Amino acid sequence: MSFYIESSHDEEVLEQCARMMSKSQPWITLKRGFNDCIEALHGCDKEVYIIKCDGELLGFSALQMGGVFKGYIQSICIATHVQGKGIGTALLKFCEERIFKVSPNAFICVSSFNVDAARLYYRLGYKKIGELTDFIVRGHDEFLLRKTVGPSSEFISV
C-alpha cells in the first residue's frame, strides 16, 4: 500500500478526522463525541498530520508542539479497515521524526483498555512513566508513555 503523510489545517479534513475519531475506539469508551474531537484538533501549538492513499483518509495524528509536554502525541487514529497493516506504525514514526527535531522526548497516553495500541507503543520503544487513575472515565486509567533520545540538557534541536 502506497500512502503519504502531510500537514492539514483544512476544516473539512479536520471534520473528517473528528468523525473518524468519534466513531472509533478508544474515543467511544472515553465518551468523546464529535464536538470534543473537533475541538481537540484545534489550538495553539497544535499540528495535525493526515495519512492518505489514493485520496482516501486512512488516519491522522494530532501533536502538541509547545508547552511543558512539547512533543505530546495527543491523538493518533487509524481507520478501522486498515488497522494492522503498518499504517499506525508509519504515522507514529513520522510523528517521532517531527518531535525529535525540537525535543528529546515524545509523549503519548494510552488507555488501560487499549491493549493493541499499547502493544504497538511498547514495541516501538515507549516506556510507561505514569498512571492517571480514572483520568477521563471512571474504571479506566490512562498510562503516560515516553520515548526519549536523551536528556534535555544534552539536546540540540535541528
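Biologist: At roughly what angle do the axes of helix α3 and helix α4 cross?

Modeller: This is a predicted model. In it, the axes of α3 (residues 87-99) and α4 (residues 115-123) cross at roughly 50° and come within 11 Å. That makes α3 oblique to α4. The crossing of α3 past α4 is right-handed.

Biologist: Which residues meet where α3 and α4 touch?

Modeller: From α3 the residues are G88, T89 and L92, and from α4 they are L120, Y121 and R123. The residues of this contact divide into three nonpolar, two polar and one charged.

Biologist: Now the sheet. What holds the strands of a sheet together?

Modeller: Strands of a sheet pair through backbone hydrogen bonds, and the pairing is either parallel or antiparallel. In this model, seven strands form an open sheet with mixed pairing. The order of the strands is β1-β2-β3-β4-β5-β7-β6.

Biologist: Which strands are the edge strands?

Modeller: The edges are β1 (4-7) and β6 (127-132), each of which pairs on one side only. From one strand to the next, the twist averages 25°.

Biologist: Let me start from the β1 edge. How many bridges pair β1 with β2?

Modeller: Four bridges pair β1 with β2, in the antiparallel sense. To find the register, take a residue and look for the one opposite: Y4 stands opposite K52 in β2.

Biologist: In which sense do β2 and β3 run?

Modeller: β2 and β3 run antiparallel, joined by eight bridges. One pair to look for is E47 and L63, since the former stands opposite the latter in β3. The two strands form a hairpin with two residues between them. In the turn, D54 has a positive phi of about 50°.

Biologist: Is β2 mostly covered or mostly open, and how many of its residues are buried?

Modeller: β2 is mostly covered, with eight of its eight residues buried. To read the two faces of the strand, follow which way the residues point: K46, V48, I50 and K52 point one way, while E47, Y49, I51 and C53 point the other way. All of these residues are buried.

Biologist: Moving to the other end of the sheet, how many bridges pair β5 with β7?

Modeller: Strand β5 (residues 105-111) and strand β7 (residues 142-148) pair over seven bridges, in the antiparallel sense. I108 stands opposite L145 in β7, and A106 stands opposite K147 in β7.

Biologist: And in which sense do β6 and β7 pair?

Modeller: β6 and β7 pair in the antiparallel sense, over five bridges. Here K127 has R146 in β7 as its bridge partner.

Biologist: How many of the residues of β7 are buried?

Modeller: Five of its seven residues are buried, so to speak of β7 as mostly covered is fair.

Biologist: Last, the helices against the sheet. Which strands does α1 lie across?

Modeller: Helix α1 (residues 11-22) lies across β2 (46-53), β3 (56-64) and β4 (72-78). The helix runs at about 90° to β3. As for α3, that helix packs on the sheet and touches β1, β2, β3, β4, β5 and β7. The direction of α3 makes about 160° with that of β4.

Key:
Residues are numbered from 1 along each chain as its sequence is written. This is a predicted model: local features need pLDDT of at least 70, side-chain atom pairs count only at pLDDT 80 or more; totals for chains, interfaces and linings use all residues. Side-chain values use heavy atoms; hydrogens and water are left out. Axes are lines fitted to C-alpha atoms, for helices over the stretch in contact, and angles run from 0 to 180 degrees between N-to-C directions. Angles under 35 degrees count as roughly parallel, over 145 as roughly antiparallel, 65 to 115 as roughly perpendicular and the rest as oblique. A crossing is left-handed if the near helix is turned anticlockwise from the far one by less than a right angle, and right-handed if clockwise. Contact means heavy atoms within 4.5 Å. Ala, Val, Leu, Ile, Met, Phe, Trp, Tyr, Cys and Pro count as nonpolar, Asp, Glu, Lys and Arg as charged, and the others, Gly among them, as polar. Two strands pair if DSSP finds at least two bridges between them. Buried means under 20% relative accessible area, exposed over 50%, partly exposed in between (1.4 Å probe, protein chains only).
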